Amino acid sequence: MMIMSASPGLRIGPSDKVFVLTGAGISAESGIPTFRDANGLWCGYRVEDVASPGAWARNPQLVWRFYSMRRRGALTCKPNAGHVALAALEHELDDRFFLCTQNVDNLHEQAGSRRLVHMHGELLKSRCDSCDRQPFEDTALFESTVPRCECGGQLRPHIVWFGEMPLEMERIAQELERCTMMLVIGTSGLVYPAAGFVSMVRERQASTDGGVRTIYVGPEEPANSRAFDQCCLGTAAQVLPGLITVD
Ligand code: OAD
């Protein structure tokens, strides 16, 4: 693995297909704190009290208070140069580009990204905890009672909690299978299954002559750094705008 403090100038050829994975780090320069920073989102809240099915069963008011706090923050944030660079890359590559984000904010969409999935859900949507009604746009902030669905069930944030299955895994598996380049940005490499995507792609590389390039961008090496060909040390907004040239 090569560690670089300057942008390596990645070239994307006509047959390349790019899989991008983003984590909390890409939204840090938009003012949304990452999870594991000292002032991170879990501060003041224990994960097990607000982000698990058990927490929801025990105290849905506390869960809503936490996610309302996060909604309030996300509603005023704007995309940064990192989000914008990824949307521009999608514009050039079209269906040779795929973005999988672990983030629940909508900053990628605000920047213009369309070919994306939110594997950990979406903060500005809710769904019913009882019926199979589709998740829907919802920017409401919690007041004092847990909102109810027409079916009588309780409305919950459309968020994947610890112990729940991430979303869109079939689509993600297909895109992992076809990519020739993986670009991972701003994620600590600690939370699975996302932290394992880079190794999955490398295993595929070992069994074929696929030649998948794997690049990480962030201010520090992630926990799974050994699985990357290159780590570009710097922030998303600094590194991404000049990183890629499409041939
Ligand atoms: P973390 O908070 O674990 O990691 C954030 C990463 O972003 C760290 O590696 C930082 O070095 C990096 N970083 C900080 N500032 C950056 C910047 N300006 N540009 C680029 N990178 C920067 O967040 P995640 O890895 O996204 O899951 O966390 C993964 C999952 O754990 C989350 O989706 C969430 C959490 O529990 C669920 O809620 C299910």
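Visitor: Leaving aside neighbours within four places in sequence, with which residues is Leu-99 in contact?
Guide: The model shown here is predicted. Leu-99 itself is found in strand S4. With its neighbours within four places in sequence left aside, its contacts are Val-20, Thr-22, His-108, Ser-113, Arg-115, Leu-116 and Val-117.

Visitor: Does Leu-99 count as buried or exposed, and at what relative accessibility?
Guide: A residue is called buried when its relative accessible area is under 20%. Leu-99 therefore counts as buried, for its relative accessibility is 0%.

Visitor: How far is Leu-99 from Ser-30, C-alpha to C-alpha?
Guide: Along the chain, Leu-99 and Ser-30 are 69 residues apart. In space, their C-alpha atoms are separated by 19 Å.

Visitor: Which element supplies the largest share of the largest nonpolar core?
Guide: The largest nonpolar core has 22 residues, and those that touch the most other members are Val-20, Leu-86, Leu-183, Ile-185, Val-217, Leu-240 and Leu-243. At least two residues each come from strands S2 (10-12), S3 (18-22), S4 (97-101), S9 (181-185) and S10 (213-218), and from helices H5 (81-93) and H9 (236-239). The largest share is four residues, and its source is H5.

Visitor: Which residues does Leu-86 touch, and how many residues form the other core that lies apart?
Guide: Not counting residues up to four places away in sequence, Leu-86 touches Val-20, Thr-22, Ile-26, Phe-97, His-108, Ser-113, Leu-183, Ile-185 and Leu-240. Another core lies apart from the largest one; with Phe-19, Leu-21, Val-117 and Tyr-216 among its members, its number of residues is 20.

Visitor: How many residues surround the ligand, and how do they divide into nonpolar, polar and charged?
Guide: The ligand is surrounded by 23 residues, and the closest are Ala-24, Arg-36, Thr-187, Ser-188 and Glu-220. By class, the shell divides into ten nonpolar, ten polar and three charged.

Visitor: What percentage of the area that the ligand exposes when taken alone does the protein bury?
Guide: Polar atoms of the protein lie beside the ligand: a backbone atom of Ala-24 is 2.8 Å from a ligand oxygen, and a backbone atom of Gly-25 is 3.3 Å from a ligand nitrogen. A polar side-chain atom of Glu-29 also lies 2.9 Å from a nitrogen atom of the ligand. Taken alone, the ligand exposes 790 Å², and the part of this that the protein buries is 93%.

Visitor: Which elements give two or more residues to the shell around the ligand?
Guide: One of these elements is a helix, covering residues 25-28. The other has already appeared as a strand that supplies core residues. The elements asked for are H1 and S10.

Visitor: How far apart in space are Ala-237 and His-83?
Guide: Ala-237 has its place in helix H9. Not counting residues up to four places away in sequence, Ala-237 touches Glu-29, Asn-80, Ala-81 and Gly-82. Although Ala-237 and His-83 are 154 residues apart in sequence, their C-alpha to C-alpha distance is 7.8 Å.

Visitor: Which residues does a cis peptide bond join?
Guide: One partner of this bond is placed in the loop between S9 and helix H8 (197-207). The omega angle is about 10°, and the residues joined are Tyr-192 and Pro-193.

Visitor: What phi does Asp-94 have, and what is its relative accessible area?
Guide: Asp-94 lies in the loop between H5 and S4. Although Asp-94 is not a glycine, its phi is positive, at about 55°. Asp-94 is partly exposed, and its relative accessible area is 48%.

Conventions:
Residues numbered from 1 in each chain as written. Predicted model: local features only at pLDDT ≥ 70, side-chain atom pairs only at ≥ 80, totals over all residues. Heavy atoms only, no water. Core = buried A, V, L, I, M, F, W, Y, C linked by side-chain atoms within 4.5 Å. Buried < 20%, exposed > 50% of the residue type's maximum accessible area, 1.4 Å probe, protein only. Contact = heavy atoms within 4.5 Å. Near = heavy atom within 4 Å. Polar contact = N/O pair within 3.5 Å; in protein donor to acceptor, adjacent residues only side chain to side chain. Areas by Shrake-Rupley, 256 points an atom, 1.4 Å probe, with all protein chains shown as cover. Nonpolar A, V, L, I, M, F, W, Y, C, P; charged D, E, K, R; others polar.
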